[in-house]
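Q: I am new to this structure. Please pick one spot and look at it closely, then show me what surrounds it.

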Amino acid sequence: MSVEYDYEYIPEEYLLHQLEPNLECYVYVITCSVNGKKYVGISNDVGRRFNEHCYRANTYDSKLSRAIRKYSADSFVVETFVSGCRDF
């Protein structure tokens, strides 16, 4: 079984710039339960970040935003995979 990844590339420098040094942060995966596509992100508050994705879905035009509009936020599962300081 092969896994299809559908993502938008965000440079690592941009992601790390958004986080303060020594601040605990998390790598998370948002999975659409309807089609199995995944979005990987990094944040210091995963619940808040997913809520931001849902709130901004009506105004942003990203693949994740379009999927949230199409399937609704209830169709997504958020999992945290790695936690630690910014330099993990």
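A: Helices and strands here are DSSP runs, numbered from the N terminus; a helix has at least four residues and a strand at least two. With those names, the spot can be placed: Ser-72 sits in the loop between H3 and S3. Keep in mind that this is a predicted model.

Start with the backbone. Ser-72 has a phi near 80°, which is positive although the residue is not glycine. It comes just after H3. How covered is it? Partly exposed means between 20% and 50% relative accessible area. Ser-72 has 33% relative accessibility, so it counts as partly exposed. Another positive phi near 80° belongs to Gly-36, in the hairpin of S1 and S2. That hairpin has 5 residues between its strands.

Now step back to the whole chain. The protein has 3 helices and 3 strands. From the N terminus, their order is α-β-β-α-α-β. Of the 88 residues, 28% are buried.

Next, the helix that leads into the loop. Which residues of H3 are buried? They are Leu-64, Ser-65, Ala-67 and Ile-68. Viewed down the axis of H3, these buried residues fall within an arc of 165°, so they line one face of the helix. Their cover includes S1, S2, H2 and S3.

On the far side of the loop comes S3, part of a sheet. The sheet is open and has 3 strands, in the order S2-S1-S3, with antiparallel pairing. S2 and S3, the latter spanning 76–84, are the edge strands; each has a single partner, so one side of each has no neighbour in the sheet. From one strand to the next, the twist averages 20°.

Look at the pairings one by one. S1 and S3 are antiparallel and share 8 bridges. In that pairing, Tyr-26 stands opposite Ser-83 of S3. Both H2 and H3 pack on the sheet. H2 touches S1, S2 and S3, and its direction makes about 45° with that of S1. H3 also touches S1, S2 and S3; its direction makes about 145° with that of S3. On the other side of S1, 6 bridges join S1 to S2, residues 38–43, again in the antiparallel sense. There, Ile-30 faces Tyr-39 of S2.

These pieces meet in the largest nonpolar core, which has 11 residues. Among them are Ile-30 and Tyr-39, the pair just met across the strands. Leu-64, Ala-67 and Ile-68 are also members, and they belong to the buried residues of H3. Phe-76 is in the core too. Which elements give two or more residues to this core? They are S1 (25–32), H2 (46–56) and H3 (63–71).

Two figures cover the whole protein. Of the contacts with a separation of 6 or more, 56% are between residues 24 or more positions apart. The protein exposes about 6,300 Å², and carbon and sulfur atoms supply 50% of that area.

Back to the starting point. Ser-72 lies in the loop between H3 and S3. Before it is a helix that packs on the sheet. After it is a strand at the edge of that sheet. Ser-72 itself is partly exposed.

Definitions and conventions:
Residues numbered from 1 in each chain as written. Predicted model: local features only at pLDDT ≥ 70, side-chain atom pairs only at ≥ 80, totals over all residues. Heavy atoms only, no water. Core = buried A, V, L, I, M, F, W, Y, C linked by side-chain atoms within 4.5 Å. Buried < 20%, exposed > 50% of the residue type's maximum accessible area, 1.4 Å probe, protein only. Pairing = 2+ DSSP bridges. Axes fitted to C-alpha atoms, helices over the stretch in contact; angles between N-to-C directions. Contact = heavy atoms within 4.5 Å. Arc of directions from axis to C-beta. Areas by Shrake-Rupley, 256 points an atom, 1.4 Å probe, with all protein chains shown as cover.
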